[in-house]
Amino acid sequence: MFSMKPKCARLVLGPLDKITIKGRDYRWQSSDEFGHVLLPTQSLGQPVAEGFSDEELNDLLSKDQFQHEVFYYDEAKVRARLRAGGAISLFQLTDKEQAVMLERQEFCDLLLQKEAADPKFKRTDASIKDALVSIFGVICERNAARVAEGKSQRCDQKFEMGKCPAPRTVRRWLKAYEECGLDIMALRDGHHRSGNEFSSLDPGVYALVVKHANAWADIRRPSMKGQHEALTTEINLINQEREADGQPQLKIPAKSTFRRAIKKIPAFEAYAGRHGAEAAKRKFTVVGSGMTIIRPFQRLVMDGWKTQLSTINVKMGEWDLMTPADKKKAERVRLVLHGSECTATRCVTGIRYSTTENKETAIATLRMSVSDKSAYAKAAGCKSDWPMTARPGSVHTDTGSAWIATEFRSSVADLRATLENAPVGVPQHRGHFERLFGTLDRGFLPNFSGRTFANVVDKGDYDPGAEASMFVDKIGGPLIRYIVDKYHHTPHAGLFGKTPYEAWHELVDKYGILPKPGRDELRNVFGPKVERSLDHRGVRIAGIHYQSAKLQEYRRKIGDGKVAVKFDPEDLGRVSVWVDEGWLAVPAMRGKFDHVHLNVWVEAMKDLRRRNLVQANLSRHYVDEALLAISAIGSLPWNARISRHRPSQLRTSTAMNANCCTGSTSSERTIRPPL
């Protein structure tokens with residue numbers, strides 16, 4: 001058993017970084033072995049310096065009270081934010097804008113690579129035009145690979161792609177890209193600033209539109225069509241007078257223009273006008289939980305590797321229930337390992353596997369690299385810890401479809417890291433990771449039967465499928481245990497005999513690391529985006545309601561409807577809701593869901609339903625007895641039921657009974673048995 005004292009990570013802060021501690025913004029002043037001196041950016045009079053040790057900052061980081069934005073005050077970054085309308089990351093933009101900016105970045109990056117590789121290249125229209133021919137072909141090939149999504153490319157797979165941009169256009173992109181420090185946000189166009197702020201309607205007509213739109217929010221609840229007809233009638237009367245005076249006619253606004261004017265009325269005011277103030281208060285009332293008492297990652301290499309091991313693609317719990325014939329027919333697969341490695345320390349920072357190399361697993365591996373991995377090590381039974389977590393400076397991959405996918409590139413850009421794609425057919429650019437795969441092949445896989453080996457000569461007559469002994473859903477634990485306890489603590493030749501674990505702590509103490517992304521940033525970068533209904537209970541994800549005052553303030557403005565929501569399957573404590581062109585973090589309304597995984601919550605709900613079902617079966621006999629008793633009462637004659645339940649109503653004569661039987665028209669026939 002390894003007995004290691006946990007060490008505090010030394011953080012790297014710079015003079016151009018934006019540091020936020022408990023909601024207050026700071027700038028870095030100086031650092032030494034004892035800590036960091038920070039100055040508040042907003043203060044009365046002369047700023048007062050404050051000191052923070054690495055222990056304090058790490059504690060604040062663990063409590064999500066410390067945010068760090070690299071080079072936030074850098075002139076190039078400021079210029080990029082100004083060009084992008086204040087946006088600092090791709091996740092703040094629409095999917096369409098993200099695709100456009102990523103395509104422009106690809107043109108610029110390939111052109112810069114061409115300029116660096118070809119000394120004869122000049123930034124003239126003719127030279128750029130010649131270069132764009134090959135660059136356009138490369139991008140077209142990449143788009144074809146993206147649409148195939150890791151599968152074989154076919155002629156029926158279609159993708160949209162505009163024509164090749166003009167050299168002047170590319171030169172304009174490149175100028176903005178370089179002036180802003182190669183920040184992708186500099187490539188945003190000015191469409192977000194476009195639009196006429198003033199109405200093109202005649203001022204008199206515009207006043208009438210506002211008048212009749214406000215009249216729609218009336219307790220009599222007139223229809224939009226009726227109000228538009230009233231608007232048309234009034235304008236026609238005015239036009240008759242203007243015609244007599246020889247004045248030009250006023251144009252009648254279209255129904256869509258009038259509908260937009262009505263939609264601009266705040267939802268609360270509109271509902272209050274049509275249904276009353278009290279009804280509006282009830283509809284927009286807030287349901288809450290009450291008062292609330294709250295870097296070496298300089299270069300990260302990522303790649304995929306098809307393991308030389310045949311695994312059984314059947315759940316282990318179902319294997320014992322299968323017949324020998326079914327066991328022979330069960331599917332065998334070779335898993336593809338997606339991994340990331342810190343080149344400075346040779347530490348594995350993230351590892352995932354799937355049946356194919358795909359963008360989803362690649363993104364999950366990147367997410368694992370920048371997240372806390374203590375739970376993985378604990379679940380695998382590791383004796384050592386797995387502290388290799390930080391924000392990467394750059395991410396290096398090949399040009400496989402999983403690594404050039406738009407979603408993966410977007411995730412890297414949102415982490416404010418640089419993505420580097422190695423040329424095709426040059427694996428030595430990723431030599432560290434290729435060696436890691438060889439280590440796993442020689443050290444980890446021989447522990448299991450079913451190896452496929454590197455070639456048919458090595459395999460011989462061995463049948464990997466028949467000899468397969470490892471299940472797909474069980475290989476993750478041993479693999480993590482091998483990496484964390486074996487690989488990280490084995491002397492590495494590339495580290496001059498040091499272990500990756502020792503190299504990590506030594507370089508962290510010497511150079512520090514960039515703080516890892518916070519919970520909200522992880523969710524905004526990696527979280528899946530869904531659409532949910534917004535109502536008085538907020539939004540609901542996986543049966544959990546998420547609520548906040550700001551969310552309800554937004555609801556009072558737009559009313560009930562659908563909103564975009566991002567959630568983190570590994571942390572159900574908060575979700576992000578798209579509000580007023582930005583993501584708003586919203587906490588869970590009830591329960592302690594911080595750092596609770598979605599799978600854990602789903603299993604807990606299944607277990608709760610099973611328990612409730614068992615409890616209901618235990619009390620079923622009460623229900624059965626009640627039904628039998630009620631059925632028995634219903635089978636008695638009506639007069640017997642009366643005598644049993646309502647004796648006072650049995651005061652009837654023999655004559656009355658006779659008349660009821662003989663069809664007499666006596667008034668006594670009106671007496672009927674009580675129902």
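These exercises work through a predicted model, each with a solution in steps.

**Exercise 1. The open sheet**

Give the order of the five strands in the open sheet, and say which strands stand at the edges.

*Solution.*
Step 1. Read off the order: β4-β3-β2-β1-β5. The pairing is antiparallel.
Step 2. Find the edges. β4 (50–52) and β5 (66–69) each have a single partner strand, so one side of each is left without a neighbour in the sheet.
Step 3. Add the twist. On average, neighbouring strands of this sheet are turned by 35 degrees against each other, direction ignored.

**Exercise 2. One strand pair and a helix**

Find how many bridges join β3 to β4, and which strands helix α1 touches.

*Solution.*
Step 1. Take strand β3, residues 35–40. Three bridges join β3 to β4, and the two run antiparallel.
Step 2. Pick one residue pair. H36 has F52 in β4 as its bridge partner.
Step 3. Now look at helix α1, residues 54–62. Helix α1 packs on the sheet and touches β1 (18–21), β3, β4 and β5.
Step 4. Check the angle. The direction of α1 makes about 80 degrees with that of β4.

**Exercise 3. The largest cavity**

State how much space lies in the largest cavity, and describe its lining by residue class.

*Solution.*
Step 1. Start with the volume: about 90 Å³.
Step 2. Locate the lining. Among its residues are W305, T307, L335, Y353, F444 and L479.
Step 3. Assign elements. β6 (299–312) and β7 (332–342) are the elements that give two or more residues to this lining.
Step 4. Sort by class. The lining has eleven nonpolar residues, one polar and no charged.

**Exercise 4. The second largest cavity**

Repeat the analysis for the second largest cavity: what is its volume, and how does its lining divide by class?

*Solution.*
Step 1. The volume is about 40 Å³.
Step 2. The lining includes R146, E149, E357, N358 and K359. S401, A402 and A405 also line this cavity.
Step 3. By class, there are two nonpolar, three polar and four charged residues.

**Exercise 5. A salt bridge across the chain**

Find the partner of K77 in a salt bridge, and say where the two residues sit.

*Solution.*
Step 1. Recall the principle. Side chains of opposite charge can pair when their charged atoms come close.
Step 2. Name the partner. The side chain of K77 meets that of D183, at 3.4 Å from N to O.
Step 3. Place both residues. K77 lies in helix α2 (residues 75–83). D183 lies in the loop between α5 (167–179) and α6 (203–216).
Step 4. Judge the span. The pair links distant parts of the chain, 106 residues apart.
Step 5. Set the pair in context. The structure holds 34 salt bridges.

Note on methods:
Residues numbered from 1 in each chain as written. Predicted model: local features only at pLDDT ≥ 70, side-chain atom pairs only at ≥ 80, totals over all residues. Heavy atoms only, no water. 1 Å grid on protein atoms, 1.4 Å probe; cavity = no way out; pocket = protein on both sides within 12 Å on 5 of 7 lines; lining within 4 Å. Points joined across faces, edges and corners; volume = space filled by probe spheres on them. Helix = DSSP H or I, 4+ residues; strand = E, 2+ residues; numbered from the N terminus. Nonpolar A, V, L, I, M, F, W, Y, C, P; charged D, E, K, R; others polar. Pairing = 2+ DSSP bridges. Axes fitted to C-alpha atoms, helices over the stretch in contact; angles between N-to-C directions. Contact = heavy atoms within 4.5 Å. Salt bridge = Lys/Arg side-chain N within 4 Å of Asp/Glu carboxyl O.
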